[in-house]
Amino acid sequence: ATSKSSTPAVALVDEAGLEKMANDKGICAVAEKRLAILANKATLLILERLMSHKWAWLFNEPVNAEELNLKDYHTIVKKPMALSTVKNRAQLGLYKTATEAASDIRLVFENAQLYNKPGSDVNIMASAMLEKFEELWHSKVTQKFNEDEAMAKQEESVARKKRVDALKAQQNGVFRQKCLSYERLLCDVESYLVDVQQQVIVSCKPVAREKRKRAQDLLQTLPFEKVKPALGVVLQRYPEMLNTSTQEMEVDLNKVDPLTLRHVLLLLSKAEKEDAKREGMEGTPVEEDDGAVKDDLRAWVNTMCKLVKLKHGDVGDNKNLARGEEGRKGPLEGSRLNITT
């Protein structure tokens, strides 16, 4: 059955599940009990109309063959039946299906037709009652089954909605537990990364004064587009150096930790070489320990980037974050640069 409610369609069971339910003894027992209740109610409804008919008195009670001196009755009629017998069985709920009840009611009139010759009063009355029964059965019983089917559909709709709501509540509960678990995990990771960052900064060797001076010179001499990646690294570590109201960035390299300064120096040296190649000139040689700087940075740059993402909600690519993602619009767009020596 289908439901007209606004509840979203949810696949409660698949074909294998339906087959399993169909073979489930408990479910089958409930279905058979419901069908039996409906069959017995419909039978009693029909008998109420039949037994009040003007000719029903002849068929209401069982035939007393001895009292009526009908010696051959039980020889001809193999299975005697009366409307009162059918009624008692229906009241006790003995009929499992409507077909069983209908067969017993038909048997009452068919026995009368069998024992009494065609054209006799009893045969005619039995034929009329059988015709009346068929008329009532097809009208009343069909109507009763339709009403019960409508009720079953309504109950199914309510049960389906309850099942969907229960599934949603269960899924939401599991989802909430996972969110809480992930939140605790992220808090632990963030705390760990903060510790790692502090250890890296403390353990990183100080940058020589001449290298710091070289970084300051490159920041002042290279085009702004070329120094943006390096400024992005500084800004990620020291966001307070950007004045958001005036859009001025006050870069004080004396306040920058050694690890960040080494990263900045590497990016500036790379930008210097690229700028020199573009102008057709030979760029300033990278100092001998630039390789060592690269090795140091490779070991820690991902940790730094992940830490920044956790703190500031950045979900970008690590490589772009490490390079300052040249060309991306960000807090450096439209900023004025002041270098503090």
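When I speak of the angle between two helices, I mean the angle between their N-to-C directions, running from 0 to 180 degrees, with each axis being a line fitted to the C-alpha atoms over the stretch in contact. With that in hand, let me turn to the structure above, which, I should say at once, is a predicted model.

The first pair to look at is helix 9, residues 224-237, and helix 10, residues 258-278, which pack with their axes 8 Å apart and at an angle of about 170 degrees. Angles over 145 degrees count as roughly antiparallel, and helix 9 and helix 10 are therefore roughly antiparallel to each other. On the helix 9 side, the contact is made by Lys226, Val227, Pro229, Ala230, Val233, Val234 and Arg237, while helix 10 contributes Thr260, His263, Val264, Leu267, Leu268, Ala271, Glu274, Asp275 and Arg278. If we sort the residues of this contact by class, we find nine nonpolar, two polar and five charged.

Staying with helix 9 for a moment, glycine 232 has its place in this helix. Is glycine 232 buried or exposed? Its relative accessibility is 11%, and because buried means under 20%, glycine 232 counts as buried. From glycine 232 to valine 264 there are 32 residues in sequence, and the two C-alpha atoms lie 9.2 Å apart in space; valine 264, you will recall, is one of the helix 10 residues in the contact with helix 9.

Let me now go to the second pair, helix 5, residues 83-91, and helix 6, whose axes come within 9 Å and cross at roughly 170 degrees. Here again the helices, helix 5 and helix 6, are therefore roughly antiparallel to each other. Leu83, Val86 and Arg89 are the helix 5 residues that meet Asp104, Ile105, Val108 and Phe109 of helix 6, and by class this contact has five nonpolar residues, two charged and no polar ones.

Helix 6 itself covers residues 98-115, and threonine 99 is found in it. Threonine 99 is exposed, with a relative accessible area of 57%, and its C-alpha lies 10.0 Å from that of threonine 43, although the two are 56 residues apart in sequence.

Next comes helix 8, residues 209-221, whose 13 residues reach 18 Å from the first C-alpha to the last, close to the 18 Å expected at 1.5 Å a residue. Which residues of helix 8 are buried? They are Lys211, Arg212, Arg214, Ala215, Gln216, Leu218 and Leu219. Arginine 209, which also lies in helix 8, counts as exposed at 74% relative accessibility. Arginine 209 and asparagine 254 are separated by 45 residues in sequence, with a C-alpha to C-alpha distance of 9.7 Å.

I would also like to draw your attention to a loop residue. Most residues other than glycine have a negative phi. Asparagine 69, however, has a positive phi of about 60 degrees although it is not a glycine. This residue lies in the loop between helix 3, residues 57-60, and helix 4, residues 73-76, and at 54% relative accessibility asparagine 69 counts as exposed.

To finish, let me step back to the chain as a whole. There are 12 helices and three strands, and 32% of the 341 residues count as buried. The chain exposes about 22,100 Å², of which carbon and sulfur atoms supply 54%. What share of the contacts between residues at least 6 apart in sequence joins residues at least 24 apart? For this chain, the share is 74%.

Terms used:
Residues numbered from 1 in each chain as written. Predicted model: local features only at pLDDT ≥ 70, side-chain atom pairs only at ≥ 80, totals over all residues. Heavy atoms only, no water. Helix = DSSP H or I, 4+ residues; strand = E, 2+ residues; numbered from the N terminus. Buried < 20%, exposed > 50% of the residue type's maximum accessible area, 1.4 Å probe, protein only. Contact = heavy atoms within 4.5 Å. Areas by Shrake-Rupley, 256 points an atom, 1.4 Å probe, with all protein chains shown as cover. Expected span 1.5 Å × (residues − 1). Parallel < 35°, antiparallel > 145°, perpendicular 65-115°, else oblique. Nonpolar A, V, L, I, M, F, W, Y, C, P; charged D, E, K, R; others polar.
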